[in-house]
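I opened this notebook page to record what I looked up, chain by chain. The entries follow in the order in which I made them.

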Amino acid sequence: MTTAGYINLIIAKYNYWIYIVLMCIGLWAMIAKRNLIKKIIGMNILQTAIILFYVSIATKKGATLPILGHHDAGHFVDYATVINPLPHVLMLTAIVVSVATLGVALALAMKIYNRYDTLEEDEIHARVRES
Amino acid sequence: MSAHYPIFLVVAPLMAALVIAIIARERPGLCPPLAAIALTASLWSAAGMLCRVLAEGPFSYHIGNWPPPMGIAYEVDHLNALVLVAMAAVALINLITTRQAVASDFTGREGYFYALYLLFCAGTFGILVTGDAFNLYVLLEITSISGYALVGLGHRDAALASLNYVFMGTIGASLYLLGVGYLYLITGTLNMADIFSILPRLFGSKVVVAAFVIAMTGLFMKMALFPLHGWLPNAYSEAASPVRSLIAPLTTKTMIYVMVRLGLYVFPPDFTFNHLLFAKVVVWVAAAGIVCASVLALSQTSLRRMLAYVLIAEVGYMVGGFWLGNRMAITGAILHIVNDAAMTLCVFLAVGSFTHQLRDDRFATLKGCFRRMPWTMVVLATAGLSMIGVPPTCGFFSKWYLIGGALTADHWGLVAALIFSSLVNAVLFFRVFEIAYYEPFADPHQEHRPALSYAEAPATMLAPMLFTAAGLVGLGLLTGRIVTHIIDAAIPAAIL
Amino acid sequence: MNTLLTLKPLLALLPPLGLPLILSSCRSPNVREAWTFGAALTMFAVIASMLPAVWAGQCLEFTLVQVLPEVSIAFRVDALGLLFALVSSSLWIVTSLYSVGYMRGLNEHSQTRYYSFFALSLAAAAGVAFSANLLTLYLFYEMLSFATYPLVTHHQDQEARSSGRKYLLYILGASIGLVLPAMLIVFHLSGTLDFTAGGILAGKAGTGQVTVLLVMLIFGFAKAAVMPLHSWLPAAMVAPTPVSALLHAVAVVKVGVFSVLRVITGIFGTGLLAELNLGTMVAAIAAVTIVAASLIALSQDGLKRRLAFSTIGQLSYIVLGAALLSPSGLTGAMLHIAMHAFGKITLFFCAGAIFVATGKKYISEMKGIGWRMPLTMGAFFIGALSVIGLPPCGGFISKWHLVLGTLEADQIVFLWVILFSSLLNAAYFLPIVYQAFFCHPEESLFERQVQEAPRWCIVPPLFTAAVSVILFFHPQPFLHLARMATRHILGGF
């Protein structure tokens with residue numbers, strides 16, 4: 001593939017690249033960061049990246065909301081003019097899931113802070129070894 | 001009524017969870033019976049569905065009468081009917097057995113514990129029964145989130161272990177969601193049967209390959225396949241004992257079921273086993289995982305941590321067996337889902353009995369336990385023999401199919417790994433039995449032996465434990481029927 | 001051959017299987033022992049009641065449960081199985097008698113556990129004898145391993161612990177590591193595990209596969225104590241003497257060789273082994289064990305250890321006899337199960353009686369003991385004669401057939417092995433008896449005053465010694481069964 005081909009691949013499919021980069025940022029934060037809150041943020045970025053991926057695959061250029069008025073009833077609807085609503089609906093659920101996960105994670109982080117007086121992983125592990 | 005079993009199965013514990021959460025503070029005494037009733041209802045529905053499947057064959061239930069692929073369908077076939085009955089039984093038995101341990105471990109918070117317990121069960125049953133790939137994700141997260149909370153309820157370092165579990169679990173579930181996204185992208189549907197019928201036309205597509213590999217990797221993480229097992233030992237050993245004996249049998253086995261479901265009924269088996277190098281690599285990874293986890297189990301100093309590693313090795317059994325891709329090996333993997341759930345329940349109930357009576361389960365505490373807690377030791381011994389693979393316990397028969405399948409596939413690596421793991425299990429369990437049998441040393445010819453108080457668990461704990469132990473033998477003796485009537489029908493005829 | 005469906009094989013297993021339940025509920029020693037005798041007698045009666053049918057050439061079958069689509073847990077009583085079951089169940093009665101004297105004499109602890117697991121072991125041994133296929137045999141074989149563990153380690157001290165570890169390591173390691181995969185490979189190759197007269201592997205496996213499987217199964221049944229997997233047996237001698245007597249001279253070790261016999265005749269088939277010339281290989285392995293074990297026995301001072309090494313050698317006679325693949329060899333091997341059992345159990349009973357009466361364990365401490373315990377040492381002498389294979393004892397009959405077998409098979413080397421090892425047997429047994437009676441009065445470590453062990457420790461060895469002699473003159477029940485079994489295996493002989 002030529003250089004132009006590569007550039008084309010990146011530009012034409014930019015939504016995928018964005019989600020991949022975001023996902024990698026999230027994963028990196030979860031693996032490399034030593035602070036638990038930063039890890040939790042990384043986790044949220046990871047989940048958001050996937051939500052973005054779903055939403056982006058539903059869009060179409062020049063299409064509008066899939067809402068039909070009374071006068072449309074019984075008429076033929078051109079699929080090219082409306083975007084696919086299903087991924088959005090799915091992602092509503094996924095957002096709820098990610099909020100719930102975030103909530104549990106933060107609650108656990110609080111519990112950890114109460115026990116060890118820190119959120120830095122190295123210090124926590126030192127405390128665990130001590131006890 | 002019986003037509004609505006599939007939804008009743010999930011809704012009964014879900015609704016009961018809500019009610020329990022509401023009345024938790026005012027009427028804590030009502031919570032355990034209510035939970036028991038809900039789970040009994042689930043077990044009843046599961047059994048009813050199994051009977052119906054056996055009599056009439058697979059059927060599907062359209063939620064809210066919305067026909068698939070638009071609506072969500074719950075599909076019941078031989079595969080999930082079998083696993084459902086096993087899982088519902090495990091959840092109910094554990095609920096009954098750990099009643100007293102819950103009362104002492106979670107004083108004042110029992111209601112919330114039972115609410116989470118039921119949510120976890122509702123999610124698990126939903127995963128097992130659903131025929132919709134995205135619905136599965138949602139239920140997976142319901143199960144996982146209540147699982148995180150349950151693990152986090154434990155003492156000491158439980159919160160840390162649980163947060164680690166949250167991280168690993170979320171990555172796993174997100175990967176699954178991503179895989180489903182790619183599947184949706186290429187097929188335009190989320191209904192499993194629909195995807196299955198569309199996929200054969202798309203075998204050449206790289207998107208399908210990506211979806212397959214990403215979703216499976218996510219599942220491997222959730223099921224703690226070595227080397228993605230990092231979260232499991234801490235999460236299981238830090239959790240309170242009633243939680244441990246719930247999530248240990250249910251979580252990993254449910255994920256194995258999802259893997260089987262995806263591999264046989266979402267992706268066509270031909271694609272799963274032959275199209276990529278993936279299957280061959282996974283079998284070797286599983287074999288290596290069995291060996292490594294077994295070796296790691298040897299170096300543990302408490303019963304539950306040892307068992308956590310044994311459990312990781314067992315995951316390797318099922319993954320290895322399934323990806324061999326021949327009928328005998330897949331039979332072994334499916335059979336082992338049921339058998340391993342029963343065995344895991346049995347050992348962890350015994351561990352729970354130790355922690356409840358002796359406040360600890362380190363090997364040093366177990367000295368003289370054959371005298372102190374004879375019946376609990378009988379339960380542990382039965383489960384141990386089953387994990388070693390001694391006939392007529394059920395562990396032997398799943399090993400029979402797994403090794404037989406590996407022989408059929410000429411995969412000597414997996415054969416060796418399975419035998420090795422049996423030998424290591426023998427060492428592991430006999431080390432425990434030895435400690436419980438000999439120490440503290442006594443002079444046999446002296447009348448006064450060091451006094452060890454009799455510390456057996458109360459009968460309400462013992463009776464269900466002994467029932468489970470007997471069930472291990474019963475399951476073993478029923479192997480022939482389970483295989484011919486249920487598992488044979490659960491595996492597509494194309495697989496030889 | 002006619003087959004007869006009957007519950008009897010299962011009924012025979014029920015008394016010993018049910019005994020632990022009864023024992024755990026009774027506190028009085030007398031009641032406990034009465035129940036033990038009851039169970040032993042019932043079991044023997046049921047097994048003996050199968051004799052007429054088998055004698056008439058029938059086979060008794062019972063399928064307990066169809067546990068896999070292709071394999072079931074099933075019993076099948078034929079001449080060979082009945083022979084072994086008769087020997088072990090009849091000796092259980094005698095041993096129970098002896099146990100009462102021994103355990104009470106030494107005031108042992110945990111006697112309820114002891115009698116319970118003893119019964120379970122016997123049930124397992126009978127289960128092995130009646131197994132119709134390799135899976136059932138494996139099931140009871142493993143059950144025996146676990147049931148005997150608390151017996152071997154009865155004293156629960158440090159020595160028992162290390163011996164118990166060795167015992168399980170060898171027995172369980174070999175059965176899981178070798179027998180289990182071998183069984184699966186056999187099933188994979190032939191699609192069945194039923195013991196069939198002509199074998200089930202003929203034409204289904206290549207020479208290499210058969211050789212590997214044979215080696216795995218011969219060594220995998222480590223209870224047969226074929227070298228180098230023998231050293232658990234001397235270690236297991238830490239057990240109380242009745243355990244050593246019944247389990248390590250009869251039930252456990254004979255289960256090992258019985259399994260080897262079954263596998264050679266029922267899985268591989270004598271025809272296949274003869275065709276591939278593998279019998280000679282097994283016979284050579286057995287011959288090495290025979291000679292080596294006998295030589296080691298010469299150097300042992302502990303009486304029970306010497307007996308243990310003698311057992312290792314004698315077990316390999318049975319393997320050798322089977323491996324000769326000739327009619328007399330097979331008959332001799334089967335007969336030796338019975339003959340050696342009666343001889344060796346006598347010797348163990350005597351060793352235990354000496355220990356109860358004097359506390360002595362070492363041969364060097366037994367000079368002149370013959371005049372103090374004449375009955376015991378007399379029985380010991382007869383037992384020794386039987387094990388050496390001299391008339392007028394039953395051991396002669398089985399050795400005679402083994403020797404004939406080597407001639408029939410045209411394997412003169414093994415003839416010399418048997419004769420040489422018999423000399424060695426004499427060399428390690430007869431000096432014990434000689435020293436006991438014919439030492440100079442000043443060398444004697446005991447006063448010439450009769451002071452025998454308790455009655456219940458004396459009667460059993462005298463009885464088994466008498467049976468050994470009677471079997472020389474009337475070997476019919478066992479000889480007939482062995483001949484029937486051989487005829488069935490070789491077809492038409």
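Entry 1, surface of chain A. I looked up the accessible surface of chain A and noted about 8300 Å², with 68% of that area belonging to carbon and sulfur atoms. I record here that the model is a predicted one.

Entry 2, make-up of chain A. I counted 5 helices and 0 strands in chain A. Read from the N terminus, the elements of this chain run α-α-α-α-α.

Entry 3, dimensions of chain A. I checked the radius of gyration of chain A, which is 22 Å, whereas a compact globule of 131 residues would have one near 14 Å. Along the principal axes, the C-alpha atoms of chain A fill a box of roughly 70 × 50 × 15 Å.

Entry 4, burial and contacts in chain A. I found that 32% of the 131 residues of chain A count as buried. I then took the contacts in chain A between residues at least 6 apart in sequence, and 53% of them join residues at least 24 apart.

Entry 5, charges of chain A. I noted 11 positive and 8 negative side chains in chain A, and the centres of the two sets lie 4 Å apart.

Entry 6, make-up and dimensions of chain B. I counted 20 helices and 2 strands in chain B. Its radius of gyration is 22 Å, close to the 23 Å of the globule rule for 496 residues, so chain B is as compact as a globular protein of that length. The C-alpha trace of chain B spans about 80 × 60 × 45 Å along its principal axes.

Entry 7, burial, contacts and surface of chain B. I found that 68% of the 496 residues of chain B count as buried. Of the contacts in chain B between residues at least 6 apart in sequence, 80% join residues at least 24 apart. I noted an accessible surface of about 15400 Å² for chain B, 68% of it from carbon and sulfur atoms.

Entry 8, charges of chain B. I looked up the 25 positive and 23 negative charges of chain B, whose mean positions are 3 Å apart.

Entry 9, cysteines. I searched all chains for disulfides and found 0. Cys121(B) is in no disulfide, and the nearest cysteine sulfur, that of Cys31(B), is 15 Å away. Cys121(B) is buried, at a relative accessible area of 0%. I also checked Cys350(C), which counts as buried at 0% relative accessibility.

Entry 10, chain pairs. Of the 2 pairs of chains that touch, I found the most contacts between chains B and C. Chains A and C do not touch, and their nearest C-alpha atoms are 34 Å apart.

Definitions and conventions. Residues numbered from 1 in each chain as written. Chains lettered and ligands numbered in written order. Heavy atoms only, no water. Helix = DSSP H or I, 4+ residues; strand = E, 2+ residues; numbered from the N terminus. Rg over C-alpha atoms; globule rule 2.2 N^0.38 Å. Buried < 20%, exposed > 50% of the residue type's maximum accessible area, 1.4 Å probe, protein only. Contact = heavy atoms within 4.5 Å. Areas by Shrake-Rupley, 256 points an atom, 1.4 Å probe, with all protein chains shown as cover. Lys, Arg positive; Asp, Glu negative; His and termini not counted. Charge placed at Lys NZ, Arg CZ, Asp CG, Glu CD. Disulfide = S-S within 2.5 Å.
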